Amino acid sequence: MTVHRTLIIEDDRQVAEVTRGFVDRHPEFSVVGVAGTASGAVGAIASLHVELVLLDMQLPDGLGLDVLRAVRARGYRGEVVALTAARDVDTVREARRLGIRHYLVKPFTMKTLHERMDEVAAALQHSADAQELDQGSVDKLMTGAVPVRSEREPKTLALVADALEKRAEGASAAVIGEELGLSRVSARRHLERLVEDGRASVTPAYGKAGRPEMVYSSTQVG
């Protein structure tokens, strides 16, 4: 199962270590390097074959946007999440133009970063699934005989399924998320995928006043 290679570009060592700790708590990403300068970042992106860059905008020898321009020109098409104190309109607009879809203003929490990383993981998985089909697969897809899926199940989905199977009484998205270190939103999305696949069921649990909590149960238990 794929663990996505991640590069942190941050000149403050303490901030870089905190960010590394956040990334290491996400099951689908692994830090393969830290760069503290713009020049070092350009080389690291190319040599480390990273899929995700966590990019500070203000570096000792240049701007994060300059790094991004340089690596885009060299063909880098991976995901980038901006982690920065820069919040002026021009910087945000240029980041967007260069393909940055996630922009977090410092300070940020691990939960907030993980939510963005969940979206990155989904985008990377979608790209991996967009593969060419042989004639047999094309025929099956055209006739609707079988659904065409990637042979690799996303790692997080497998972890959520395993965690749910161990809970015969079922569990909420909040419980599963806390157990696996995922945001509640991410856990709920994966649980709903299990329901769609027929591998789980969901029922509302009414307790105290307010909206009912949705409890998910594995259909694979026992």
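Two strands count as paired if DSSP finds at least two bridges between them. Keep that in mind for the first stop. The model on screen is predicted.

**Stop 1: the central sheet**

Select strand 1 (residues 4-9) and strand 2 (29-35). Six bridges join strand 1 to strand 2, and the two run parallel. Pick out I8, then look across to strand 2. The bridge partner of I8 there is V34.

Now widen the selection to strands 2, 1, 3, 6 and 7. In that order, these five strands form an open sheet with parallel pairing. Which strands stand at the edges? Strand 2 and strand 7 do; each has a single partner strand, so one side of each is left without a neighbour in the sheet. Turn the view to follow the twist. On average, neighbouring strands of this sheet are turned by 20° against each other, direction ignored.

**Stop 2: strand 6 to strand 7**

Select strand 6 (residues 79-84) together with strand 7. They pair in the parallel sense, over four bridges. The route between them is worth tracing. From strand 6 the chain passes through helix 4 (residues 89-97) to strand 7, and this β-α-β crossover is right-handed. For a residue-level marker, show L83, which stands opposite L104 in strand 7.

Stay on strand 6 and select E79, which is in this strand. Is E79 buried or exposed? The relative accessible area of E79 is 13%, and buried means under 20%, so E79 counts as buried. Show what surrounds this glutamate. Leaving out residues up to four places away in sequence, E79 touches E51, L52, V53, R101, V120, A123 and L124.

**Stop 3: helices on the sheet**

Add helix 1 (residues 13-24). Helix 1 lies across strand 1, strand 2, strand 3 and strand 6. Against strand 2, helix 1 runs at about 165°. Next, add helix 2. Helix 2 lies across strand 1, strand 2 and strand 3, and runs at about 175° to strand 1.

**Stop 4: two backbone oddities**

First, a general reminder. Most residues other than glycine have a negative phi, and most peptide bonds are trans.

Select H49, in the loop between helix 2 (38-48) and strand 3 (52-55). H49 has a positive phi of about 55° although it is not a glycine. H49 has 60% relative accessibility, and exposed means over 50%, so H49 counts as exposed.

Now go to P107. This proline is in the loop between strand 7 (102-105) and helix 5 (110-129). What is the peptide bond from K106 to P107? The bond is cis, with omega near -5°.

**Stop 5: helix 7 against helix 8**

Two packed helices are described by the angle between their axes and the distance between the axes. Select helix 7 (residues 155-165) and helix 8. Their axes come within 10 Å and cross at roughly 115°. Helix 7 and helix 8 are therefore roughly perpendicular to each other. Helix 7 passes helix 8 in a right-handed crossing. Show side chains for the contact. Helix 7 contributes L159, V160, A163 and L164, while helix 8 contributes I176, E179 and L180.

**Stop 6: helix 8 against helix 9**

Keep helix 8 (residues 173-180) and add helix 9 (residues 184-196). Here the axes come within 8 Å and cross at roughly 110°. That makes helix 8 roughly perpendicular to helix 9. The crossing of these two helices is right-handed. On the helix 8 side, the contact is made by A173, A174, I176 and G177. On the helix 9 side, show R184, A187, R188 and L191.

**Stop 7: the loop at G181**

Select G181, in the loop between helix 8 and helix 9. G181 is buried, with a relative accessible area of 19%. Which residues does G181 touch, not counting residues up to four places away in sequence? They are R25 and H114. Then draw a distance from G181 to K111. Their C-alpha atoms are separated by 8.8 Å, although the residues are 70 apart along the chain.

**Last stop: the whole chain**

Zoom out. The chain has nine helices and nine strands. Of its 222 residues, 40% are buried. Consider the contacts with a separation of 6 or more: residues 24 or more positions apart account for 62% of them.

Conventions. Residues are numbered from 1 along each chain as its sequence is written. This is a predicted model: local features need pLDDT of at least 70, side-chain atom pairs count only at pLDDT 80 or more; totals for chains, interfaces and linings use all residues. Side-chain values use heavy atoms; hydrogens and water are left out. Buried means under 20% relative accessible area, exposed over 50%, partly exposed in between (1.4 Å probe, protein chains only). A crossover is right-handed if, with the strands pointing away from the viewer, the path from the first strand over the helix to the second runs clockwise. Axes are lines fitted to C-alpha atoms, for helices over the stretch in contact, and angles run from 0 to 180 degrees between N-to-C directions. Angles under 35 degrees count as roughly parallel, over 145 as roughly antiparallel, 65 to 115 as roughly perpendicular and the rest as oblique. A crossing is left-handed if the near helix is turned anticlockwise from the far one by less than a right angle, and right-handed if clockwise. Contact means heavy atoms within 4.5 Å.
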